Amino acid sequence: MMGTAVFYLVAVVGVVSALVAVSHKNPVVNVLSLVVTLFCIAVSYALLGAEFLAAAQILVYAGAILVLFLFVVMLLGAPEEPPVGERRPFQRVAGLALAGIAAAGSIAVLAGIRVAAPAGAAQGTAEALGRLLVGPYLFAFEFISVLLLAAMVGALMLVKRKH
Amino acid sequence: MTVPTTHFVIFAALLFAIGAAGVLVRRSGISILLGIELMLNAANLALVAFGRQHGQLDAQVFVFFVMAVAAAEVAVGLALLVAIFRKQRSIDVDRLNVMRW
């Protein structure tokens, strides 16, 4: 009962702050309201029994990725967008229509999926996930570190100033 | 009494559509990257919800990998934005037409 109330509260707050995140003019407000949305998603993970992912979501997104976003926004001097509608009057209507189609289609398809398997009691603790990561998924787990190293080197190369 | 999987999935679908709207409508490069992050997170939420329905943990491992790839993506994307800003003094994607011809 408690979990149900928490989920609906979190869902409403998450959707509203996501709307603010994509519609507000100020980039700092965009980033900070996306933090709220990602926190709501972390609470949803916890309600779904994925405790480790909930912790990782807060650590990785609120702690690292969005700080990086804020850093870049501050570095670029929080550039405001030019007033919309002077050059692309068609873009906003078409974009909103396509997003509406995506919402209707994905709700229709995803809500229609029925899973026959009975819901087991798999708890996403750090121990259970760790046994999977260094067991069946060991190659992917090791390869992720190569990917992160490549991304780090690539980012450094992109922003390096030429002498 | 737990929340049905369908409601989690509808929440995820709404977040995905909002992120898609951000990518399609906004013109600042940072807002487009934020929309992509939102869409990735919505997909993650749907994965975890269906994974609970199946009673398996593999979906959560996939979400872990998606998080790592998203971190790599955002690092490279923001580095690109900084490089573009240095060259053009703007991150308006409508002005990025240097590869048009």
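Start by selecting helix H1 of chain A together with helix H1 of chain B in this predicted model, and show the side chains where the two meet: A:Ala11, A:Gly14, A:Val15, A:Ala18, A:Leu19 and A:Val22 on the side of H1(A), facing B:Phe11, B:Leu14, B:Leu15, B:Ile18, B:Gly19, B:Ala21 and B:Gly22 on the side of H1(B). Coloured by class, the residues of this contact divide into 10 nonpolar and 3 polar, with no charged residue among them.

With the same pair still selected, draw the helix axes: H1(A) and H1(B), the latter covering residues 5–25 of chain B, pack at an angle of about 5°, and their axes lie 9 Å apart. Since angles under 35 degrees count as roughly parallel, that angle makes H1(A) roughly parallel to H1(B).

Now widen the selection to the whole contact between the two chains, to which chain A gives 74 residues and chain B gives 64 residues. On the side of chain A that touches chain B, the elements that give two or more residues are H1 (2–23), H2 (27–47), H3 (51–75), H4 (89–111), H5 (126–133) and H6 (138–159). Which of these elements provides the largest share of that side of chain A? Select H4(A), which supplies 12 residues. Coloured by class, the side of chain A that touches chain B shows 57 nonpolar, 13 polar and 4 charged residues.

Next, hide chain A and look at chain B alone, whose secondary structure comes to 3 helices and 0 strands, in the order α-α-α when read along the sequence. Its C-alpha atoms fill a box of roughly 55 × 25 × 25 Å along the principal axes, and the radius of gyration of chain B is 17 Å, where a compact globule of 101 residues would have one near 13 Å. If you colour chain B by burial, 53% of its 101 residues count as buried. Among the contacts in chain B with a separation of 6 or more, 50% are accounted for by residues 24 or more positions apart.

For the last stop, bring chain A back and centre on A:Ala62, which has its place in helix H3 of chain A. Is A:Ala62 buried, exposed or partly exposed? A:Ala62 has 16 other C-beta atoms within 10 Å and is therefore partly exposed, given that a residue counts as buried from 20 such atoms upward and as exposed at 12 or fewer. Leaving aside neighbours within four places in sequence, select the residues that A:Ala62 contacts, namely A:Val35, A:Leu38 and A:Phe39. Finally, a C-alpha to C-alpha distance drawn from A:Ala62 to A:Leu32 comes to 9.3 Å, across a separation of 30 residues in sequence.

Conventions. Residues numbered from 1 in each chain as written. Chains lettered and ligands numbered in written order. Predicted model: local features only at pLDDT ≥ 70, side-chain atom pairs only at ≥ 80, totals over all residues. Contact = placed C-beta atoms within 7 Å. Helix = DSSP H or I, 4+ residues; strand = E, 2+ residues; numbered from the N terminus. Nonpolar A, V, L, I, M, F, W, Y, C, P; charged D, E, K, R; others polar. Axes fitted to C-alpha atoms, helices over the stretch in contact; angles between N-to-C directions. Parallel < 35°, antiparallel > 145°, perpendicular 65-115°, else oblique. Rg over C-alpha atoms; globule rule 2.2 N^0.38 Å.
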